[in-house]
Amino acid sequence: DDHPKEIWADKRIQIWTPNLPGYGQSEGRASLKSLPNVLDAVFAKLQNTAGKRPILISGFSLGAVGSLYLAARNPVAGLVLRNPPPLREVIVGRFGWWKLGLGAKLVATQVPRELDCIANAARIKAPAIFIMSRKDRVVPPIYQDRVGTGLQYDAGTRLFTAACASCHYNGGKGLNPLRPDLALNSTVHLDDPTNLIRVILYGIA
């Protein structure tokens with residue numbers, strides 16, 4: 001898998017990777033209950049360092065849980081998430097058969113509500129790329145899909161937000177001839193998209 005610094009090799013970027021207590025080889029006790037506070041502290045420091053520069057969050061599996069938590073509560077430029085697990089649903093769905101599900105349900109109640117991936121996805125307004133691994137045995141696709149369907153925007157809205165809004169602004173109402181109004185532009189609403197495609201590809205001569 002490519003590291004973000006390899007994907008954006010032509011960009012000047014700074015990558016932050018939180019070393020969460022108790023995970024990997026870090027010291028301390030791993031705890032989902034303490035995760036929101038740790039993430040808040042890291043993001044506050046990151047925001048202070050970044051200033052007005054854009055912040056993009058990337059996360060894989062459990063890292064995606066934290067990424068969704070932060071993006072639902074803070075201004076970010078975008079997200080790249082892989083295999084995001086809705087923890088409560090995965091725990092009950094995959095292990096609920098054992099002892100009538102009592103143990104799984106008890107464990108699921110220990111997951112902080114702030115880390116509800118489905119609810120957090122519904123609160124996100126930034127453009128996001130969700131990478132779903134269809135052969136993931138830990139977080140089966142059916143659970144990953146539940147997070148994806150929580151997103152507020154449809155595909156067209158997210159594409160506009162990611163590729164067009166930086167110039168034409170949300171709502172497509174531009175400001176000047178260099179950033180024209182799209183909301184009431186007849187070219188955008190023509191049945192034949194030829195002119196619009198030419199403008200996108202070659203600009204206005």
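**Close-up views of a predicted model**

**View A. F60 stands opposite R82 in strand β2.** The model is predicted: local features need pLDDT of at least 70, side-chain atom pairs count only at pLDDT 80 or more, and totals for chains, interfaces and linings use all residues. Residues are numbered from 1 along each chain as its sequence is written, and side-chain values use heavy atoms, with hydrogens and water left out. Strands (E, at least two residues) and helices (H or I, at least four) are DSSP runs, numbered from the N terminus. β1 runs parallel to β2 (residues 78-82), with five bridges between them. Two strands pair if DSSP finds at least two bridges between them.

**View B. Three strands form an open sheet in the order β1-β2-β3, with parallel pairing.** β1 (56-60) and β3 (128-131) are the edge strands; each has a single partner, so one side of each lacks a neighbour in the sheet. From one strand to the next, the twist averages 5 degrees. Angles run from 0 to 180 degrees between N-to-C directions, and axes are lines fitted to C-alpha atoms, for helices over the stretch in contact.

**View C. Side chains alternate along β1.** I57 and G59 point to one face and are buried. L56, S58 and F60 point to the other face and are not buried. Buried means under 20% relative accessible area, exposed over 50%, and partly exposed in between (1.4 Å probe, protein chains only). From β1 the chain crosses through helix α3 (residues 62-71) to β2 in a right-handed β-α-β crossover. Right-handed here means that, with the strands pointing away from the viewer, the path from the first strand over the helix to the second runs clockwise.

**View D. Helices α2 and α3 cross at roughly 65 degrees.** Their axes come within 10 Å. The crossing of α2 and α3 is right-handed: the near helix is turned clockwise from the far one by less than a right angle, whereas anticlockwise would be left-handed. P36, L39, D40 and F43 of α2 meet G66, Y69 and L70 of α3. Contact means heavy atoms within 4.5 Å.

**View E. S26 sits in the loop between α1 (4-7) and α2 (35-50).** Why is S26 counted as buried? Because its relative accessibility is 14%. Its side chain reaches the backbone oxygen of L20 at 2.5 Å. A polar atom of the S26 side chain also lies 2.7 Å from the backbone oxygen of Y23. A polar contact is a pair of N or O atoms within 3.5 Å; within protein, one must be able to donate a hydrogen and the other to accept it, and residues adjacent in sequence count only if both atoms are side-chain atoms. Leaving aside residues up to four places away in sequence, S26 touches N19, L20 and P21.

**View F. P85 lies in the loop between β2 and α4 (87-95).** P85 counts as buried because its relative accessibility is 4%. Residues up to four places away in sequence aside, P85 touches S61, L62, V65, V90, C117 and V139. The C-alpha atoms of P85 and I118 are 9.0 Å apart, with their positions 33 residues apart along the chain.
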